[in-house]
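User: I would like a close look at one part of this protein, taken slowly and with its surroundings explained. Please keep to what the model itself shows.

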Amino acid sequence: MALLIKNIKKLVQTEEKPAKKVSGKDMSKVNTIDNAYLFIEDDKFVDFGKMDNLTDDTVFWENKEFDVIDAKGKMVFPSFVDSHTHLVYPASREIEYIDKIKGLSYEEIAKRGGGILNSAKKMREISEEELLKSSLGRLDEIIKYGTGAVEIKSGYGLSFEGEIKMLRVIKKLKRLSPLTIKATFLGAHALPPEYKNKREKYIDLVINEMLPQVATEGLADFIDVFCDKGFFTVEETEKILEAGARYGLRGKIHANELDYSGGVQAGVKYNALSVDHLEYVGDEEINVLLNSETMPTVLPGAAFFLGMVYAPARKMIDFGLPVAMASDFNPGSSPSGNMQFILSMASIAYKLLPEEGINATTINTAYAMDVSDILGSIATGKKANLFITKEIPTIEYMPYYYGTNKIDTVILNGKVIKSGID
Ligand code: NIG
Ligand code: FE
């Protein structure tokens, strides 16, 4: 199967020589082609350029059968890559959100058995089928908003059975969904109450029982720990990252959301693929990250929803770091997986230029889930995951006109998945 998209007003984020990630000043550069065409064969991009160059005799695929989409007035972007979510969850938590409105902090809610523990309780009651069904619904929703690849974490099981159940669901989602999906084992998301006075027993369960089973069944691509005040310590985090490494799982950790937790340093020490949240990041953390292969990942949805301080993303870029931005889609701190909103937040709250926001939500998040060789930009040979916008005036309009869906058509793996989106 082949597909030609023609008369594209602007083809956004094309790369001749694909980069694995973009850092510092380079984040403000996004290549675009005006009045362009894009040719897809099977599930890959095979050719693109200016419409002027699309003459019959330059078309090396002239004898092939292909569909044509006329994108007049519309733009084409590579799909968003959402490198941090918890979108497999048993139930929404809007009631506890009222406690937040009344002024309770995230930690206070956690201490009262709310938060992650609330989800863990409900996880015990839900069947694998129901969990799968609700998660597929959420995947369908994020596809409409332009996501083409997503990382999904466990972490609401907090027991052997619960964690394995979640990860088996994620494995099924990989098979059932057109999205590219990566799974992360987050057994150390919160300490279950029954382990209150025996923390080390829980760490032992994570390392010596859950992890071997996760590895045997091939259930995870990465490993995560919530390394923060009131959750897991640096020492515990390092133990878990070290154990994960023995099974070939790189870390993607929750760090520095609630305090200067040492999580960033622990992540870098164990060559984590990403350290995520980063509300509490100072010069020391920035310097550690500068000498690393770890992607600093900011989660604007959580900071916005919880009313936290915003991570110093602008400063990180000005100091030469790459920055990725993901949704953190979860029922407690970020009940939205809309990456168009994250792109808007990048500019509105973090003062990133639209181009920086685009890089932060595509190629750098692709790096943060280890798929930047196949996703995150429009380059020959990369997977044909893209969206066609509605008629929009400029690329700057994408972050600016926030809160509505500006996407008309979604193509994943070279196939039209949705068109005429409202
Ligand atoms: O990324 N910070 C830790 N974990 C999640 C919250 C999950 C929840 O509250 O359910 C987060 O924000
Ligand atoms: Fe998270």
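Which residues have the most contacts inside the largest nonpolar core, and how many residues does that core have? Please place the core among the strands, helices and domains around it.

Analyst: The model is a predicted one, and everything below should be read with that in mind. The largest nonpolar core has 98 residues, and those with the most contacts inside it are Val88, Leu139, Ile152, Phe185, Tyr202, Met316 and Met325. Helix H6, which spans residues 199-216, gives the most to this core, contributing eight residues. The core also draws on both domains, with at least three residues from each of domain 1 (2-78 + 377-419) and domain 2 (81-368).

Of the residues with the most contacts, Tyr202 is a useful place to start. Leaving out residues up to four places away in sequence, Tyr202 touches Leu158, Ser159, Gly187, Ala190, Leu191, Pro192, Tyr195, Met210 and Phe232. As for H6, this helix lies across strand E8 (180-188) and strand E9 (222-227), and it runs at about 150 degrees to E8.

Strand E9 holds Phe222, a residue that counts as buried because its relative accessibility is 5%, where the cut-off for buried is under 20%. Neighbours within four places in sequence aside, Phe222 is in contact with Lys182, Ala183, Thr184, Phe185, Leu249, Arg250, Lys252, Leu273, Met369 and Asp370. Between the C-alpha atoms of Phe222 and Ile152 the separation is 10.0 Å, although the two residues are 70 residues apart along the chain.

Strands E8 and E9 belong to an open sheet of eight strands, ordered E6-E7-E8-E9-E10-E11-E12-E13 with parallel pairing. At its edges are strand E6 (80-82) and strand E13 (324-325), each of which pairs on one side only. Within the sheet, strand E10 (residues 250-255) pairs with strand E11 (residues 274-277) in the parallel sense over four bridges, and Ile253 stands opposite Val275 in E11.

The iron ion (ligand 2) has as its protein donors His84 (NE2), His86 (NE2), His254 (NE2) and Asp328 (OD), which lie 2.1 to 2.3 Å from the ion. Along the sequence these donor residues follow the spacing H-x1-H-x167-H-x73-D, and both His84 and His86 are buried.

Apart from the largest core lies another one, of 17 residues, including Leu11, Ala71, Val76 and Leu386. Val76 leads to strand E5 (residues 74-78), where five of the five residues are buried. Both faces of E5 are covered, with Lys74, Val76 and Pro78 buried on one side and Met75 and Phe77 buried on the other. Strand E1 (residues 2-12) runs parallel to E5 and is joined to it by two bridges, with Leu11 standing opposite Val76. Strand E14 (residues 386-391) instead pairs with E5 in the antiparallel sense over four bridges, and here Phe387 in E14 is the bridge partner of Phe77.

Returning to the two domains, their C-alpha centres lie 30 Å apart, and the contact between them takes 35 residues from domain 1 and 34 residues from domain 2.

Conventions
Residues are numbered from 1 along each chain as its sequence is written. Chains are lettered from A and ligands numbered from 1 in the order in which they are written. This is a predicted model: local features need pLDDT of at least 70, side-chain atom pairs count only at pLDDT 80 or more; totals for chains, interfaces and linings use all residues. Side-chain values use heavy atoms; hydrogens and water are left out. A nonpolar core is a set of buried Ala, Val, Leu, Ile, Met, Phe, Trp, Tyr and Cys residues joined through side-chain atoms within 4.5 Å. Buried means under 20% relative accessible area, exposed over 50%, partly exposed in between (1.4 Å probe, protein chains only). Domain bounds come from an automatic or database domain assignment. Contact means heavy atoms within 4.5 Å. Donors are N, O and S atoms within 2.8 Å of the metal (3.2 Å for Na, K and Ca); water is not among the atoms, so sites may look incomplete. Two strands pair if DSSP finds at least two bridges between them. Axes are lines fitted to C-alpha atoms, for helices over the stretch in contact, and angles run from 0 to 180 degrees between N-to-C directions.
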